[in-house]
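This report sets out the features of the structure shown below, beginning with its charged contacts and ending with its surface.

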Amino acid sequence: MDFSPFLLSFKLALISTLILFILCVPLAYFMARVKFGFKPVLEAIITLPLVLPPSVLGFYMLVFLSPYSPLGGFFEKYFDIRLVFNFTGLVIASCIYSLPFMFSPILSGFKSLSNSLIEASYSLGKGKICTLLKIALPNIKPSLLTAIIVSFAHTLGEFGVVLMIGGSIRGETKVASIAIYDAVELLDYKLAHVYSAIMLLISFSVLFAVYFLNHKSAQKQI
């Protein structure tokens with residue numbers, strides 16, 4: 001058995017989740033605290049991957065990141081980096097595909113915060129960054145944990161977008177979901193069963209962790 005697809009999947013999920021967390025915390029805080037006319041449009045764009053078929057998103061990502069696009073051509077010309085059919089492209093595609101899974105729980109957490117709590121911090125002379133780090137984030141720990149765990153699990157199980165952007169290059173883009181697909185294509189159902197069982201166990205463990213941590217948090221608040 002080759003477990004390199006699982007190691008690659010964990011690497012992709014870990015990097016993507018870290019990038020998304022760094023991006024989504026300030027973005028969600030801004031969206032929760034500021035009112036502007038195009039806010040519903042921006043929220044719809046951010047959460048679009050939730051309802052968009054992976055094949056559609058994968059196709060446009062393939063076009064957007066290809067060497068013939070302005071962005072893909074720029075990276076290949078000046079940095080000698082091709083954004084398709086390699087790990088870098090997978091990270092970019094995964095961040096876009098898993099964006100709403102990180103953004104939505106954090107946004108809900110920030111919206112649940114009392115305005116008086118934030119205003120009290122400002123009245124004590126705390127700046128926006130200090131208020132975010134020392135007041136807002138500690139009070140939405142369940143939302144943060146849910147966002148991190150669900151985003152990690154979602155990235156871990158990606159298939160459609162990963163297949164279109166990365167293909168199936170061993171050690172580079174062949175993640176666990178692609179390995180299962182390849183095993184089925186080769187009629188190696190025994191290997192497909194083993195890989196699928198491992199993914200099933202991982203998925204169940206992730207969901208159990210989310211509900212367990214949220215349950216523990218709810219008990220502490222009682």
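## Salt bridges between distant helices

E43 has a relative accessible area of 21% and is partly exposed, because the buried class is reserved for values under 20%. Its side chain meets that of K111 in a salt bridge, with an N to O distance of 3.8 Å. The pair joins distant parts of the chain, since E43 belongs to helix α2 (residues 39-47) and K111 to helix α6, 68 residues apart. K111 is likewise partly exposed, because its relative accessibility of 48% does not pass the 50% above which a residue counts as exposed. The model is a predicted one.

R33 and E119 form another salt bridge through their side chains, at 3.9 Å from N to O. This pair also links distant parts of the chain: R33 is in helix α1 (residues 4-33) and E119 in helix α7 (residues 115-123), with their positions 86 residues apart. Both partners fall in the partly exposed class, R33 with a relative accessible area of 27% and E119 with a relative accessibility of 44%.

## The R82–E76 pair and the salt-bridge total

R82 and E76 are also joined by a salt bridge, in which the closest N and O atoms lie 2.9 Å apart. R82 is partly exposed at 43% relative accessibility, and E76 is partly exposed with a relative accessible area of 25%. Across the whole structure, the search finds four salt bridges.

## Overall architecture

The chain contains twelve helices and zero strands. Read from the N terminus, its elements therefore follow one another as α-α-α-α-α-α-α-α-α-α-α-α, each helix being a DSSP run of at least four residues. The C-alpha trace spans about 65 × 45 × 30 Å along its principal axes.

Of the 222 residues in the chain, 38% are buried. Among contacts with a separation of 6 or more, 72% are made by residues 24 or more positions apart. The chain has an accessible surface of about 12,700 Å², and carbon and sulfur atoms account for 71% of this area.

## Helix α5 and its surroundings

Eight of the eleven residues of helix α5 are buried, so the helix is largely enclosed by the rest of the structure. The buried positions are F87, G89, L90, V91, A93, S94, C95 and Y97. Their cover includes α1, α3 (54-65), α6, α9 (141-156) and α10 (160-166).

The axes of α5 (residues 87-97) and α6 (residues 99-112) come within 4 Å and cross at roughly 40 degrees. The two helices are therefore oblique to one another, as the roughly parallel class takes angles under 35 degrees. At their meeting point, C95, I96 and Y97 of α5 are in contact with L99, P100 and F101 of α6.

## Helix α11 and the residue that follows

Helix α11 (residues 176-185) is also largely enclosed by the rest of the structure, because seven of its ten residues are buried. These are A176, S177, I178, A179, I180, D182 and A183. Just after α11, L187 adopts a positive phi of about 60 degrees.

## G73 in helix α4

G73 is located in helix α4 (residues 70-79). Its relative accessibility of 22% places G73 in the partly exposed class. Apart from neighbours within four places in sequence, G73 is in contact with S66 and P67. G73 and L83 are ten residues apart in sequence, and their C-alpha atoms are 9.1 Å apart in space.

## A nonpolar surface patch

Which residues form a nonpolar patch on the surface? The patch consists of L145, F204, F208, F212 and L213, which together have about 490 Å² of accessible area. Helix α12 (residues 189-221) supplies the largest share, four residues. F208 is one of the patch residues and lies in α12.

Note on methods: Residues numbered from 1 in each chain as written. Predicted model: local features only at pLDDT ≥ 70, side-chain atom pairs only at ≥ 80, totals over all residues. Heavy atoms only, no water. Patch = residues over 30% accessible without salt bridge, like charges linked within 9 Å, V, L, I, M, F, W, Y side chains within 5 Å. Areas by Shrake-Rupley, 256 points an atom, 1.4 Å probe, with all protein chains shown as cover. Buried < 20%, exposed > 50% of the residue type's maximum accessible area, 1.4 Å probe, protein only. Axes fitted to C-alpha atoms, helices over the stretch in contact; angles between N-to-C directions. Parallel < 35°, antiparallel > 145°, perpendicular 65-115°, else oblique. Contact = heavy atoms within 4.5 Å.
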